[in-house]
Amino acid sequence: MIDLRSDTITRPTEAMLESMREASYGDDSRDGDETVMQLEALAAERTGKAAGAFMPSGTMTNLVAVLAHAQRGGEVLLEASAHILVSEIGGIAGLASMFHRAVPGKRGAMDVDALREKIRPMTRNNLGTALVCMETSHNQAGGAVLPLAHMKAVNTLAHEHGVPVHTDGARLFNAVVALGVDAKQIAQYTDSIGFCVSKGLSAPVGSVLCGTEKFIERARTFRRMVGGNMRQAGPLAAAGILALNTMVDRLKDDHAAAKRLAEGLHRIDASLVDPNDVETNLVRVDLVASKRNAAQWSAELERKGVRVSPASATTLRFVTQRHVGNTEVDYAISAFSSLWQKG
Ligand code: TLP
């Protein structure tokens with residue numbers, strides 16, 4: 001089976017398994033665990049923030065960031081297809097009691113004029129903006145990376161209104177590699193940022209939320225509230241440290257594999273995907289010109305040994321990751337080609 005459903009399926013490396021065996025077993029929520037603290041310090045250093053808090057998932061880093069930044073009831077402004085809105089089960093409303101207003105965007109980047117129109121203070125007649133969120137790389141936008149100038153503009157606008165900014169950087173290091181910058185250069189345009197070590201970086205579990213000391217202290221309280229204290233998380237953090245120290249540079253291979261996949265599919269039919277849109281490791285394939293819908297495509301491809309996820313009724317998502325090389329990509333292209341029929 002060639003698994004192109006997500007980069008979350010990456011298995012830990014041998015070196016990670018070794019470091020997990022040797023990790024400390026302190027209690028993360030009592031006196032602290034040495035390895036967890038090392039990962040948090042490393043994450044803070046990489047993102048240029050003062051502190052970090054290790055959490056079980058990207059979803060939790062986002063939820064905790066919303067809780068820690070915003071007063072209950074305020075409005076969160078974010079791009080209309082943000083992961084926080086479309087894939088986090090409404091936690092922003094159901095658990096954080098925040099209202100949200102979606103801002104239209106292109107390739108994951110909010111229209112800054114539309115954002116300017118929506119951002120507003122609390123008055124007798126409206127709740128006011130409590131938080132602005134960005135996402136890079138952007139999942140629904142096919143792994144598009146927010147340009148730094150865009151992040152700067154959003155950050156400046158929010159701060160002019162006294163509103164804090166959080167960035168969902170679940171795939172921050174894909175953005176880092178695509179832009180050829182340090183994580184700090186991205187994170188300078190956001191008050192807090194969360195990233196996952198569990199995706200293309202190959203650690204089994206975990207995300208780190210980074211921000212100021214004060215914000216992270218507050219975040220730790222909310223992490224406990226939502227059940228995110230992890231006790232003896234040393235082995236997970238040990239894998240996370242190796243993820244940051246050894247697995248970032250190789251993401252360029254995942255990006256090259258995604259490009260190769262997009263080019264192969266584009267050769268089958270130009271309407272399927274524009275390879276120029278592929279900036280990182282996600283490839284969204286538009287099936288509108290085909291006879292089958294996305295669910296049928298994924299079932300047919302599975303029969304040929306290729307797993308992909310339907311991203312909408314007429315869109316498939318292919319994700320490249322460490323276990324997928326040129327051979328697997330070429331096989332996936334030929335499997336797709338053998339099934340291709342125009343509608
Ligand atoms: N995304 C997952 C799942 O939604 C399917 C994936 O396979 O892409 N922010 C972004 C931008 C994400 O893509 C994800 C995970 C998360 C947050 C949530 O991370 P986890 O899954 O660790 O809660």
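The following exercises, each with a worked solution, concern the ligand site, the enclosed space and two backbone features of a predicted model.

Residues are numbered from 1 along each chain as its sequence is written, and side-chain values use heavy atoms, with hydrogens and water left out. Because the model is predicted, local features need pLDDT of at least 70 and side-chain atom pairs count only at pLDDT 80 or more, while totals for chains, interfaces and linings use all residues.

**Exercise 1. Describe the shell of residues around the ligand.**

Step 1. A residue belongs to the shell if one of its heavy atoms lies within 4 Å of the ligand. The shell holds 14 residues, and S6, T59, H83, D168 and R171 are the closest.

Step 2. For the classes, Ala, Val, Leu, Ile, Met, Phe, Trp, Tyr, Cys and Pro count as nonpolar, Asp, Glu, Lys and Arg as charged, and the others, Gly among them, as polar. The shell then divides into seven polar, six charged and one nonpolar residue.

Step 3. Helices (H or I, at least four residues) and strands (E, at least two) are DSSP runs, numbered from the N terminus. Helix α3 (residues 58-69) contributes the largest share of the shell, three residues.

**Exercise 2. Identify polar side-chain atoms that approach oxygen atoms of the ligand, and state how much of the ligand is covered.**

Step 1. The criterion for a polar contact is a pair of N or O atoms within 3.5 Å; within protein, one must be able to donate a hydrogen and the other to accept it, and residues adjacent in sequence count only if both atoms are side-chain atoms.

Step 2. The separation from a ligand oxygen is 2.7 Å for H83, 2.8 Å for N139 and 3.0 Å for K199.

Step 3. On its own the ligand has 510 Å² of accessible area, of which the protein covers 78%. Accessible areas come from the Shrake-Rupley method with a 1.4 Å probe; for residues, only the protein chains shown count as cover.

**Exercise 3. Characterise the largest pocket and the largest cavity.**

Step 1. On a 1 Å grid over the protein atoms alone, a cavity is a set of points where a 1.4 Å probe fits but cannot get out, and a pocket is an open set with protein on both sides within 12 Å along at least five of seven lines; lining residues have an atom within 4 Å of a point.

Step 2. The largest pocket has a volume of about 350 Å³. Its lining comprises 26 residues, with H83, N139, R171, K199 and R317 nearest the centre. Helix α3 gives the most to this lining, four residues.

Step 3. The ligand sits in the largest pocket, the test being that more than half of its atoms lie within 2 Å of the grid points.

Step 4. The largest cavity contains about 40 Å³ of space. Its lining includes R171 and K199, and helix α8 (residues 172-179) gives the most to it, with three residues.

**Exercise 4. Locate the cis peptide bond and the non-glycine residue with positive phi.**

Step 1. The cis bond joins T136 and S137, with omega about -10 degrees. S137 lies in the loop between β7 (129-135) and α7 (148-160).

Step 2. R107 has a phi of about 50 degrees and is placed in the loop between β5 (105-106) and β6 (109-110).

How values were computed
Grid points are joined across faces, edges and corners, and a volume is the space filled by probe spheres set on the points.
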